[in-house]
Amino acid sequence: MPDLPIVFILNGPNLNLLGTREPEVYGRETLGDIKAAASAHAASLGLAIEFRQSNREGDLIDWLHEAGEKAVAAILNAGAYSHTSIALHDAIRAISIPVIEAHLSNIHAREAFRERSFTGRAAAGVISGFGPDAYMLALDGAKRLTQKSAKQ
Ligand code: DQA
């Protein structure tokens, strides 16, 4: 069987603590639970995933560059770096694959400082506020975007 197209799923700071971190905001599912669900959903779409988490901005930048070489799309939940990082914005713009921004919470229904997303400005699209399903919806989006570009 030919290798499945790969989607990188990159997670930023504090997302390693999902499950115990502010469960009233982020729920009780762990990042491991989300990885397992995303892996199964990707397989149902004919995609493979590379799932990573780092608390360091530079890792996320390096991994976006790597995704640009190896993946058909990337899903990025940059956590709070979404609201601060012009370097991540530039990294998204520097690669030619579509990047979909995902957030568990609805960043528009929270503190004002979360309303602005630098990474969202550079992303192909943003999904925010569906809990862990945000990752599944982002995979659906990645599938659709890559099918469309394959047709062109
Ligand atoms: C988050 C939203 C961000 O504002 C926050 O800093 C996070 C998580 C989310 O998935 O809802 O760390 O990206």
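**Exercise 1.** Is Ser85 buried or exposed?

*Solution.* The model is predicted.
Step 1. Take the relative accessible area of Ser85, which is 1%.
Step 2. Compare this value with the cut-off: buried means under 20%.
Step 3. Ser85 is therefore buried.

**Exercise 2.** Describe the surroundings of Ser85, starting from its place in the chain.

*Solution.*
Step 1. Locate the residue: Ser85 sits in the loop that runs between β3 (73-77) and α4 (86-94).
Step 2. Look for a polar partner of the side chain. A polar atom of the Ser85 side chain is 2.8 Å from the backbone nitrogen of Leu88.
Step 3. Set aside the neighbours within four places in sequence; Ser85 then has contacts with Glu57 and Phe118.

**Exercise 3.** Which residues surround the ligand, and how much of the ligand does the protein cover?

*Solution.*
Step 1. List the shell: Arg21, Tyr26, Asn77, Gly79, Ala80, His83, His103, Leu104, Ser105, Ile107, Arg110 and Arg114.
Step 2. Sort the shell by residue type. Four of its residues are nonpolar, five are polar and three are charged.
Step 3. Pick out polar approaches to ligand oxygen atoms. The side chain of Asn77 places a polar atom 2.8 Å from a ligand oxygen, and a polar side-chain atom of His103 also lies 2.8 Å from an oxygen atom of the ligand. Leu104 takes part through its backbone, with a polar atom there 2.8 Å from a ligand oxygen.
Step 4. Turn to the cover. On its own the ligand has 320 Å² of accessible area, and the protein covers 99% of this.

**Exercise 4.** Which residues form salt bridges with Arg52, and which parts of the chain does the pair with Glu66 link?

*Solution.*
Step 1. Recall the principle: side chains of opposite charge can pair when their charged atoms come close.
Step 2. Find the partners. Arg52 meets Glu50 at 3.0 Å, N to O, and Glu66 at 2.9 Å, N to O.
Step 3. Place the second pair. Glu66 belongs to helix α3 (residues 57-70) and Arg52 to strand β2 (residues 48-53), so the pair links distant parts of the chain, 14 residues apart.
Step 4. Check the accessibility. Arg52 is buried at 16%, whereas Glu50 is partly exposed at 31%.

**Exercise 5.** How many salt bridges does the whole structure hold, and which residues are joined into one network?

*Solution.*
Step 1. The search finds six salt bridges.
Step 2. One of them pairs Glu111 with Arg114, with 2.7 Å between the closest N and O atoms. Glu111 is partly exposed at 34% relative accessibility, and Arg114 is buried at 14%.
Step 3. Through shared partners, salt bridges join Glu50, Arg52, Glu66 and Lys70 into one network.

How values were computed: Residues numbered from 1 in each chain as written. Predicted model: local features only at pLDDT ≥ 70, side-chain atom pairs only at ≥ 80, totals over all residues. Heavy atoms only, no water. Near = heavy atom within 4 Å. Polar contact = N/O pair within 3.5 Å; in protein donor to acceptor, adjacent residues only side chain to side chain. Areas by Shrake-Rupley, 256 points an atom, 1.4 Å probe, with all protein chains shown as cover. Nonpolar A, V, L, I, M, F, W, Y, C, P; charged D, E, K, R; others polar. Helix = DSSP H or I, 4+ residues; strand = E, 2+ residues; numbered from the N terminus. Buried < 20%, exposed > 50% of the residue type's maximum accessible area, 1.4 Å probe, protein only. Contact = heavy atoms within 4.5 Å. Salt bridge = Lys/Arg side-chain N within 4 Å of Asp/Glu carboxyl O.
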